[in-house]
Amino acid sequence: MSTTTPESQLPSFPMPRGCPMAPPAKYAQLRQEAPVTRVRLPTGRVTWLVTAHALARQLLADPRLNKNRTLPGFPVLGAAPERVADQIRGFLASMEPDEHAVHRRLVVSEFTVRRVEGLRGRVQEIVDGCVQGLLEGGRPGDLVGSVSLPVPSLVICELLGVP
């Protein structure tokens, strides 16, 4: 796709998957033909899609790009931008560098190598419990709901002493 492709002909994002365990085949084609291309989101907004790994890493490290989802015009997939802003306000990963640094300093002492290493046994118990729940839950299992979401949350709660 070129930047001159009419908006009515832009591919939709996200793209349909042929297999739920693999990315859409169209991504491989875009990586070869147009690793940076415009796409249309479900909201109708047009934005850029980057499919080349090295380029994505380069862009994510570029301080000129903004990751603040609360800014007007930020390309959100579904929810209204004001709802997204309410949902992510206060998350370290969504903060600008200066604000992130201030908040990070408040919790960094809880995430030292020594502290995390001391929790190794408890983390293993959390993972084992979540995997056991997944196995006992019948098929098909929901890896995200049973393991990927609860494990980090429970580990961070453990680190911070939150029941």
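Trainee: Is aspartate 62 buried or exposed, and how do I read that?

Mentor: Check its relative accessible area: under 20% is buried, over 50% is exposed, and in between is partly exposed (1.4 Å probe, protein chains only). Aspartate 62 comes out at 17%, so this residue counts as buried. Bear in mind that this is a predicted model, where local features need pLDDT of at least 70, side-chain atom pairs count only at pLDDT 80 or more, and totals for chains, interfaces and linings use all residues. Numbering starts from 1 along each chain as its sequence is written, and side-chain values use heavy atoms, leaving out hydrogens and water.

Trainee: With which residue does aspartate 62 form a salt bridge?

Mentor: Side chains of opposite charge can pair when their charged atoms come close. The rule here is a side-chain nitrogen of Lys or Arg within 4 Å of a carboxyl oxygen of Asp or Glu. Aspartate 62 meets arginine 64 that way, at 2.6 Å from N to O. Unlike its buried partner, arginine 64 is exposed, at 72%.

Trainee: How many salt bridges are there by this rule?

Mentor: Four. Another one joins glutamate 117 to arginine 120, with their closest N and O atoms 2.8 Å apart. Glutamate 117 is partly exposed at 44%, while arginine 120 is exposed at 53%.

Trainee: And which parts of the chain does the pair of glutamate 158 and arginine 122 tie together?

Mentor: Their side chains meet in a salt bridge of 3.1 Å, N to O. Glutamate 158 sits in helix 8 (residues 150–160) and arginine 122 in helix 6, so the bridge connects parts 36 residues apart in sequence. A helix here is a DSSP run of H or I with at least four residues, numbered from the N terminus. Shared partners also link Arg122, Glu125 and Glu158 into one salt-bridge network. Glutamate 158 is partly exposed at 31%, and so is arginine 122, at 33%.

Trainee: What about rings: how many aromatic pairs turn up in the whole structure?

Mentor: Rings of Phe, Tyr and Trp (its six-membered ring) pair if their centres lie within 6.5 Å; planes under 30 degrees apart are stacked, over 60 edge-to-face, and the rest tilted. The search finds one pair. Phenylalanine 13 and tyrosine 27 have ring centres 6.3 Å apart and planes at 25°, so they are stacked. They link distant parts of the chain, 14 residues apart: phenylalanine 13 is in the segment before helix 1 (25–33), and tyrosine 27 is in helix 1. Tyrosine 27 is buried, at 17%.

Definitions and conventions: Helix = DSSP H or I, 4+ residues; strand = E, 2+ residues; numbered from the N terminus.
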